[in-house]
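Here's a quick walk through one model, stop by stop. Have the viewer open and follow along.

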Amino acid sequence: MVDPNFPAFPPDFLWGTATASYQIEGAVDEGGRGPSIWDSFSHSPGKIARGDHGDVACDHYHRYREDVELLRELGVGAYRFSVAWPRIQPDGKGPANAEGLDFYQRLVDELLRAGITPCLTLYHWDLPQALEDAGGWRVRDTAERFADYAALVHAALADRVPMWGTLNEPYCSAFIGYSEGRHAPGAREGHGALAAAHHLLVGHGLAVQAMRAQCSGPADRQRLGITLNLNHVTPATPDPADVAAAARAELLYNRVFSDPILGGRWPTGERELWSPISDFDFRRDGDLELIGQPLDFLGLNNYFPSYAKHAPTADELTEHRVATAINVVENPPAELPRTAMGWPVEPAGLGRLLRWLRDGYPGLPPIYITENGCAYPDELDADKQVEDPQRVVFLDQHLRAVHAAIADGVDVRGYFCWSLLDNFEWALGYSKRFGLVYVDYPTQLRIPKASYRWFRELIARR
Ligand code: FCB
């Protein structure tokens, strides 16, 4: 039951849930879809927990109607999903594959029939493998190909989709994918990862330009933005070494992306920090303006705050791993509870992050929280039900933090819970469950959890 004292959100606040193509669709060989870096990566031995992959996932490609029905019953006003680039351009370039577009057209029409606003993300990590073979995000050409792809999808769907996000979490694409190697394409590079970060930003800018150029009709159909995963960073102790570590963490986690996109500047300190691994030769005149074009919204994903501690000994991969080259380890207060991901739970951290954005970036566009949620070891009980009280507490507390930030003047317009369904949690496969709806993978049965009923009640209170 929703706490009767739960604070009231603005009447037009947008409630939603989020998913991503590779995590739920399956059907990797259907509809003319080409291979993505996640197909290759997940089929490489030892990369994914238990050898899982997204070949079937939640079979959403075939069951999307049932999933839209779950959304309708939940009562959400919006649904955030992503388009799989290799369904639209199987090898990353050329004309649109009609069958690929058709799937998203059917999904969007189904959402609209259910009275749900479709919020489309163009890139949630499934790069066509052919583009990776040609250099991936290390090379500028991929940014140009991304703008072509954005224009194709936008031309087909802009009449029905009012909210467009270019990238999901470029931090993860660049640094987990090209530096830590935990995500596809599994590279462990320094310069390559910084180049990837830059070309993702350039790709975002080019895609915004391409879509704006073909925008017409009512202004509410033109809302373009990007989703960043940002973390509020606190030094783990007042020790000056940890204070300096926190500044480096804030640079890597946040400012590499938020400064050029929202602040019209390159982040201070980057050249000093990374001159041993990169000469930044990927930057071109005019890039900053391209990347920093005005946006209609900022999508914010947040799961936990950062507590940065100086780590004097980097591991042997220092020169290849940007993430460790900053000599930071995460050291959150021991008393904070953890989710099944091991992530510390501190709702106030989301509040601090929202205020950090407001104070640091004058002219900030309206914020939508495009992801927030938690994994817990949910299980079916004897009655084939899932009680997930920890998720209810997590959502309740994080939403209160959002509400307090709104009351404090931060312009937050919506909240999308990650995720509608349990799904393929990247390197951790199906072992981590984030859904409001439990998925019994062998039967593909969807079983709404207690948190689904809680969220439904919350939305209905309006
Ligand atoms: C985010 C991703 C999303 C999901 C959540 C748990 O980093 O955007 O796809 O995996 O984490």
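## Lysine 384 and its loop

Lysine 384 counts as exposed, because its relative accessibility is 53%, over the 50% cut-off. Keep in mind as you look that this is a predicted model. You'll find lysine 384 in the loop between E10 and H15. Its backbone is worth a click too: phi is positive, about 60°, even though lysine 384 is not a glycine.

Aspartate 378 sits in the loop between strand E10 (367-371) and helix H15 (389-407) as well. Is aspartate 378 buried or exposed? With 7% relative accessibility, aspartate 378 counts as buried, since the cut-off for that is under 20%. Its side chain makes a polar contact, at 3.0 Å, with the side chain of arginine 391. Setting aside residues up to four places away in sequence, aspartate 378 touches Val386, Asp388, Arg391, Arg433, Tyr438 and Lys449.

## Alanine 340

Next stop is alanine 340, in the loop between strand E9 (328-330) and helix H14 (347-360). Alanine 340 has 30% relative accessibility, so it counts as partly exposed.

Which residues does alanine 340 contact, leaving aside its neighbours within four places in sequence? They are Ala375, Tyr376, Pro377 and Lys432. Serine 431 is another one to look up: it is 91 residues from alanine 340 along the chain, and the two C-alpha atoms are separated by 9.6 Å.

## Helix H8: under cover

Now for helix H8, residues 170-180. H8 is mostly covered, with 11 of its 11 residues buried. Among them are the aromatics Tyr171, Phe175 and Tyr178, along with Cys172, Gly177 and Glu180.

Right after H8 comes glycine 181, with a positive phi near 75°. Go on into the loop between H8 and H9 and you meet proline 185. The peptide bond joining alanine 184 and proline 185 is cis, with omega about 10°.

## Helix H8 and its partners

Two packed helices are described by the angle between their axes and the distance between the axes. So here are both values for H8 with each partner.

Take helix H9 (residues 191-213) to begin with: its axis and that of H8 come within 8 Å and cross at roughly 155°. H8 and H9 are therefore roughly antiparallel to each other, as the angle is over 145 degrees. The crossing of H8 past H9 is right-handed. On the H8 side, the contact is made by Pro170, Ser173, Ala174, Phe175, Tyr178 and Ser179, and on the H9 side by Ala193, Leu194, Ala196, Ala197 and Leu200. Sorted by class, the residues where H8 meets H9 come out as nine nonpolar, two polar and no charged.

The other partner is helix H10 (residues 240-263), which packs against H8 at an angle of about 125° with the axes 10 Å apart. That makes H8 oblique to H10. This crossing is right-handed. By class, the H8 contact with H10 has seven nonpolar residues, with no polar and no charged ones. From H8 the residues are Pro170, Tyr171 and Phe175, and they meet Leu252, Tyr253, Val256 and Phe257 in H10.

## Aspartates 12 and 59

Back toward the start of the numbering, aspartate 12 lies in the segment before strand E1 (14-18). Its relative accessibility is 65%, so aspartate 12 counts as exposed. How many residues apart in sequence are aspartate 12 and glycine 77? The answer is 65, while in space they are 9.6 Å apart, C-alpha to C-alpha.

Aspartate 59 is in the loop between helix H2 (37-42) and helix H3 (60-74). With 13% relative accessibility, aspartate 59 counts as buried. Its phi is near 55°, which is a positive value in a residue other than glycine.

## A cis bond at serine 419

One last backbone detail to check: a cis peptide bond joins tryptophan 418 and serine 419, with omega about 15°. Serine 419 lies in the loop between strand E11 (412-418) and strand E12 (437-440).

How values were computed: Residues numbered from 1 in each chain as written. Predicted model: local features only at pLDDT ≥ 70, side-chain atom pairs only at ≥ 80, totals over all residues. Heavy atoms only, no water. Helix = DSSP H or I, 4+ residues; strand = E, 2+ residues; numbered from the N terminus. Buried < 20%, exposed > 50% of the residue type's maximum accessible area, 1.4 Å probe, protein only. Polar contact = N/O pair within 3.5 Å; in protein donor to acceptor, adjacent residues only side chain to side chain. Contact = heavy atoms within 4.5 Å. Axes fitted to C-alpha atoms, helices over the stretch in contact; angles between N-to-C directions. Parallel < 35°, antiparallel > 145°, perpendicular 65-115°, else oblique. Left-handed = near helix turned anticlockwise from the far one by under 90°. Nonpolar A, V, L, I, M, F, W, Y, C, P; charged D, E, K, R; others polar.
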